[in-house]
Amino acid sequence: MADRGETRRGAAWRSAVREALGMPALVLFASYIGFGSLVSESGFGLLEGLVSTATSWALPGQVALVEMSAVGASVVAITLAVALTNARLMPMSVTLVPLLKRHRAPAWQTYALAHVIAVTSWANGLRRLPQIAEEDRMAWFFGYAGTLWLVTMLATAVGFFAAGLLPAPVTLGLVFLNPLYFLLLFAQDLRQRAKVLALAFGAVAGPLMHLVLPGYGLLVTGLAAGTAAFAVDLLLERRR
């Protein structure tokens, strides 16, 4: 019975690696090439870039860290900026970890997997994990997120050594490929009314909030649009 379980988990892990090595790896590879180039052009070393990717693994926070360090911002300001930028990872972890927890699994396994919850792994994990047997989910997520993590480490190094070969606007554009991919991931799964409402409210409120509160527009838009979508969806559900 134990051998059968290990065989099944091995199959889940291999399936996840294959899924990760498609479009997700391609987009993240391109994005982290942009980050590696940014690290080099900002005067930092390869080791610093690799440590940033290995320990943070959240591109917006990494970009904020490099850019603010390059202009000589204080440690307190950098810490606050990176913390606020990465605050979005907390609700992601809160929603995904319950899908990963396995009976009798050591707690450290859950904590280790929580570290590799980022935009791409979270969005695909939220979509795929409910379709996978509970005892195989950790293996699947480890294969998926672990593969992407390794891809981004490689891309950081490639981008570092390729700095200067690409025009600056192209390098900056690569960094922003990931948010576009994130949007397309949600566009794939618009059968849920709450997601459609959240995207619609966010699309309308985003530009307006940026004009009114340029420093906090994104944060306010996410909170307001997500809350409004949840409330409207709940109201419509109760009226059925």
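This passage walks through the helices, the packing of one helix pair, the salt bridges and a surface patch of the structure above.

The model is a predicted one, so local features are reported at pLDDT of at least 70 and side-chain atom pairs at pLDDT 80 or more, while totals for chains, interfaces and linings use all residues. Residues are numbered from 1 along each chain as its sequence is written, and side-chain values rest on heavy atoms, with hydrogens and water left out.

Start with the overall picture. The protein has 13 helices and zero strands; here helices are DSSP runs of H or I with at least four residues, strands are runs of E with at least two, and numbering goes from the N terminus. Read along the sequence, that gives the pattern α-α-α-α-α-α-α-α-α-α-α-α-α. Of the 240 residues, 38% count as buried (buried is under 20% relative accessible area, exposed is over 50%, and partly exposed is in between, with a 1.4 Å probe and protein chains only). About 13700 Å² of the protein is exposed, and carbon and sulfur atoms supply 71% of that area (Shrake-Rupley method, 1.4 Å probe; for residues, only the protein chains shown count as cover). As for contacts (heavy atoms within 4.5 Å), take those between residues at least 6 apart in sequence: 78% of them join residues at least 24 apart.

One helix pair shows how such packing looks up close. Helix α2 (residues 23-41) packs against helix α9 (residues 137-162) at an angle of about 35°, and the two axes are 7 Å apart. Axes here are lines fitted to C-alpha atoms, for helices over the stretch in contact, with angles running from 0 to 180 degrees between N-to-C directions. The crossing of α2 and α9 is right-handed, meaning that the near helix is turned clockwise from the far one by less than a right angle (anticlockwise would be left-handed). On the α2 side, the residues in contact include Leu28, Phe29, Tyr32 and Phe35, and on the α9 side they include Tyr144, Leu148, Val151 and Phe160.

Next come the salt bridges, of which the whole structure holds five (a side-chain nitrogen of Lys or Arg within 4 Å of a carboxyl oxygen of Asp or Glu). Arg8 pairs up with Glu135, with the closest N and O atoms 3.2 Å apart. Arg8 sits in helix α1 (residues 2-20) and Glu135 in the loop between α8 (119-128) and α9, so this pair ties together parts 127 residues apart in sequence. Arg8 also meets Asp136 in a salt bridge, at 2.8 Å from N to O. Asp136 lies in that loop between α8 and α9 too, so its pairing with Arg8 spans 128 residues. Arg8, Glu135 and Asp136 are thus linked in a network of salt bridges. Arg8 is partly exposed at 34% relative accessibility and Glu135 is partly exposed at 33%, whereas Asp136 is buried at 5%.

Another bridge joins Arg193 and Glu237, at 3.2 Å from N to O. Arg193 is in helix α12 and Glu237 in helix α13 (residues 217-238), 44 residues apart. Arg193 counts as partly exposed at 32%, and so does Glu237 at 40%.

Last, the surface. Leu211, Val212, Leu213, Tyr216 and Leu219 make a nonpolar patch of about 570 Å². Patches are built from residues with over 30% relative accessible area and no salt bridge, joining like charges within 9 Å and nonpolar side chains (Val, Leu, Ile, Met, Phe, Trp, Tyr) within 5 Å. Within this patch, Val212 belongs to helix α12 (residues 193-212), and its 58% relative accessibility makes Val212 exposed.
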